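Open the model in your viewer and start with a plain cartoon of the chain. We will take in the whole fold, then make a few selections one by one.

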Amino acid sequence: MRPVADRYPDLLPLFLELCAIPSPPGRERAVADRVLRYLRDLGLSPDEDGCGPAIDGDTGNLYVRIPATAAGGTPLVFCAHLDTVLPEGPIEPVVEDGMVRNAAGTILGADNKAAVVAMLEATRVVLAEQRPHAGVELVFTPREETGCDGAKAFDYGRLAARAGFVYDHAAPVGTIVDAAPFQRTLDVVYTGRKAHAGIAPEDGRSAILAAAKAIAELRLGRVDHETTANVGTIRGGTARNIVPDRCELVAECRSLDEAKAVALAQEMLDSFTYAGTVCEVDVDVELEEKYPGYRFRHDDPVLLLGAEALDRIGATPRIESIQGGADANIFHAHGIRCLVLANGMAKIHTADEEIAVDDLGRMTDVTLALIDLARDRSL
């Protein structure tokens, strides 16, 4: 096979360019503008919705439709997110021995800019080669890393496609995600009463003590093979010698089984509430369904299409369930059967994040294979 640079000349340069632009959640503007310019240079007419301010950001969802050029078949939507986790320093992408890494000691941003460029390059090829297709739609979302906020704000009535693909799983190319979890989040605030910790501790009501008692009773970590729970942050108090009157913490639980997610969230809520009662402090808990889960049957036509596209490019399909959510969860909630495919990125959210140049090319190959295959079948 010809080198990636020969087959897809825009791919690696665009990936390096996008990775070098910081785009933490809510601040995706510069990356979004570059994606919009790329699409317009292809002769397309992308647009951006106005959800940015509503989700505390500077960028809305980007959307473009490439009308079908073939009769029949199934239109597809491809989605990638524009944001990354917060970088802790400058981003200086470099290519070393066929791998793209960051030379500056923070994230690379392959999550999810590797998917962005694969979808853009495949679109360029479809247009340049005038490939017949049943319709292609692209959605690029902001604030995925904070809970799929952009995807939640998107108007799904705009989509002609009822099936789609998201490349947002850090695993070898060939991995197909058949199930993703239901997630519940809990934001907890304990309010007690201040007192001098040495002179009159009995006059105080410790908010931190209440939080500690609750956390000690929680089932955290891997609860079972499809369920997890975590307390992510905790903060409170003002000084060493003052009984703390306020403590805030955030927690979550998730499960591939919705009933388990609901039950565990209630169990956690009960623990937080009971600890407040025992410690005589007020407690306020905000419980939210962050995103719904889903599960594909292994004979689902969308899953089979993904497996066939992977097989066509020489990648061995392998199915697994994951405990991470993605924009695909939100698409499913709106009736769009959206399959997550791994795209080869590794060590995401760390300073060691990397991806092979060849995998950027292979996911472009996969995108084109999906478009070609969907032209001739009904899903």
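In this tour, helices (H or I, at least four residues) and strands (E, at least two) are DSSP runs, numbered from the N terminus. By that count the protein chain has 10 helices and 17 strands. Keep in mind that you are looking at a predicted model.

**The whole chain**

Stay zoomed out for a moment. The C-alpha trace spans about 80 × 45 × 40 Å along its principal axes. The radius of gyration is 23 Å, which agrees with the value near 21 Å that a compact globule of 379 residues would have. Of those 379 residues, 53% count as buried. Turn on contacts, if you like: among those with a separation of 6 or more, 80% link residues 24 or more positions apart.

Now switch to a surface. The chain exposes about 15,800 Å², and carbon and sulfur atoms supply 50% of that area. Colour by charge and you will find 38 positive and 59 negative side chains, with the centres of the two sets 1 Å apart.

**Stop one: strand β12**

Select residues 246-255, which form strand β12. Is this strand enclosed or open? Seven of its 10 residues are buried, so the rest of the structure largely encloses it.

Next, add residues 182-191, strand β9, which runs antiparallel to β12 and is joined to it by 10 bridges. To see one pairing, show valine 188, whose bridge partner in β12 is leucine 249.

Then add residues 227-236. This is strand β11, also antiparallel to β12, with nine bridges between them. Here, look for alanine 229, which stands opposite cysteine 253 of β12. While the side chains are on, recall that in a regular strand they alternate between the two faces of the sheet.

**Stop two: glycine 60**

Move to the loop between β1 (47-48) and β2 (62-66), where glycine 60 is found. Although it is in a loop, glycine 60 counts as buried because its relative accessibility is 1%, below the 20% cut-off. Which residues surround it? Beyond its neighbours within four places in sequence, glycine 60 is in contact with Glu48, Asp49, Cys51, Gly52, Phe140 and Pro142. For a sense of scale, draw a distance from its C-alpha to that of glutamine 183: the two are separated by 24 Å and lie 123 residues apart along the chain.

**Stop three: threonine 367**

Finish on helix α10 (residues 357-374) and pick threonine 367. With 2% relative accessibility, threonine 367 counts as buried. Leaving out residues up to four places away in sequence, threonine 367 touches Phe78, Ala118, Ala122 and Tyr167.

Terms used
Residues are numbered from 1 along each chain as its sequence is written. This is a predicted model: local features need pLDDT of at least 70, side-chain atom pairs count only at pLDDT 80 or more; totals for chains, interfaces and linings use all residues. Side-chain values use heavy atoms; hydrogens and water are left out. The radius of gyration is taken over C-alpha atoms; the globule rule is 2.2 Å times the number of residues to the power 0.38. Buried means under 20% relative accessible area, exposed over 50%, partly exposed in between (1.4 Å probe, protein chains only). Contact means heavy atoms within 4.5 Å. Accessible areas come from the Shrake-Rupley method with a 1.4 Å probe; for residues, only the protein chains shown count as cover. Lys and Arg count as positive and Asp and Glu as negative; His and the chain ends are not counted. The place of a charge is taken as NZ of Lys, CZ of Arg, CG of Asp or CD of Glu. Two strands pair if DSSP finds at least two bridges between them.
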